[in-house]
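Me: Please show me the structure. I would like to ask about its helices and strands.

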Amino acid sequence: MKYNFDEIVNRRGTYSIKWDGGQLIKTIGLTERYDEDTIPLFTADMDLPVPQPLIDALHKTVDHRIFGYSVFPDEYFEAVQHWFKKRHDWEFKKEEIVYSPGTVHALNVAVRALTKPGDGVIIQRPVYPPFTSSINANERTLLNNALVCDDDGYYSIDFEDFEAKAKDENTKMFILCNPHNPTGRVFTNDELRKLADICAKNDVLIIADEIHGDIVRCNQTFIPIAKAAPEHADKIITFTAINKTFNVAGLHCTNVIITNPELRKTFNGVMGMHLPSPFTVSALLAVYHEGEDWLEQLKEYIDGTMEWAVDFLAENMPKVKVRIPEGTYIMWMDFSAYGISPDEVHDRIYNKANVLLEDGKMFGEEGLHYQRICIPSPRPMIKEAFERIAREFEDLK
Ligand SMILES: Cc1ncc(COP(=O)(O)O)c(C=O)c1O
């Protein structure tokens, strides 16, 4: 089946945080302006319809007319195993899969269950904000191994600093984001092995948030860290999910891979029992069994939108420094060459162009001059957003 990702589906009136969440968005301070003309490209969900087999499976669940407590059939775990073996050549046992209703939820459970107040936890900023809050809100000590950005906007790891932080005996955990949100890096086998070796040597547990792993550029390969360093797998906990890959964040389905039985027991003890919804089970089976065709088309579409965006910016906003990321459907744009304050950049984009993005400072001070845009929306919508923004920067070209 061929999907038409250019189709604009009206999401207003569907309880969408992007399209119906104006009041909340203003309250949390993301923007001052939000109205019916706003183009919201801030949060990481897609304005694109999901695979047809998923729609059919959910219809079938609705037609049962009863939505009681559900269980995970064996098929569920087999589908997860099959997906990761087929797509990423990574194998794990059925009993190592732990369901969680959300990745941020699982992250907080991991921090609470597997570290103590005051323990050091390493993250690599700029990074997805809930990494920071999982540490601060649980009163652990944040250790920032900031990624280093070169003149071409390419980020790499400062291993010397990482090792120094890992060596501190107070350091107990490292939260890896791979593919990395917002920089879009997909770390190489060598980088992952190096990180895992340093952590193993210093008894630092790795929490690997890999939920963007299915969406990398068509010419890129994503490697799970537990596959890159199998000898350290019992000191790695990996978050996987169907939510980013298949645009089902609202169905709450994260699968945590915990090889070490002791860690699994401790994690489960703190998380407590979570039964799935029948929609979650049928959704996972549908996408992992029959969603690949859609995913391949989606990846090509996203690659195409990114190529268009980079060309558009080069021609119309050449001062914006941006590159096509190796992974994720996120673009990370550096506005520093305009020589205006981050507040003025914000005002021109959010209030004047009426496009809602995310200010880079949310990802840590390293992101002060950046804006993050999520581009998995119909290309006509993305084009309009970029055109509106370009008009507001025309005088500074
Ligand atoms: C790296 C990363 N982890 C977790 C999440 C959120 O996942 P969930 O909705 O399962 O909590 C996001 C969403 O953007 C993300 O980018």
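Some questions on helix packing and strand pairing follow.

Reply: This is a predicted model, in which local features need pLDDT of at least 70, side-chain atom pairs count only at pLDDT 80 or more, and totals for chains, interfaces and linings use all residues. Residues are numbered from 1 along each chain as its sequence is written, and side-chain values use heavy atoms, leaving out hydrogens and water.

Me: At what angle do the axes of H4 and H12 cross?

Reply: Helices (H or I, at least four residues) and strands (E, at least two) are DSSP runs, numbered from the N terminus. Axes are lines fitted to C-alpha atoms, for helices over the stretch in contact, with angles from 0 to 180 degrees between N-to-C directions. H4 spans residues 74-88 and H12 residues 278-290. Their axes come within 9 Å and cross at roughly 30°.

Me: Which residues of H12 does H4 meet?

Reply: Contact means heavy atoms within 4.5 Å. From H4 come Glu75, Tyr76, Ala79, Val80, Trp83 and Phe84. They meet Val281, Leu284, Leu285, Val287, Tyr288 and His289.

Me: Why is one side of E11 left without a neighbour in the sheet?

Reply: Two strands pair if DSSP finds at least two bridges between them. The open sheet has the order E11-E14-E13, with antiparallel pairing. E11 (330-334) stands at an edge, so its one side lacks a neighbour: it has a single partner strand.

Me: Are Ile97 and Val98 in E2 buried or exposed?

Reply: Buried means under 20% relative accessible area, exposed over 50%, and partly exposed in between (1.4 Å probe, protein chains only). Ile97 and Val98 lie on opposite sides of E2 (residues 97-100), and both faces are covered. Both residues are buried.
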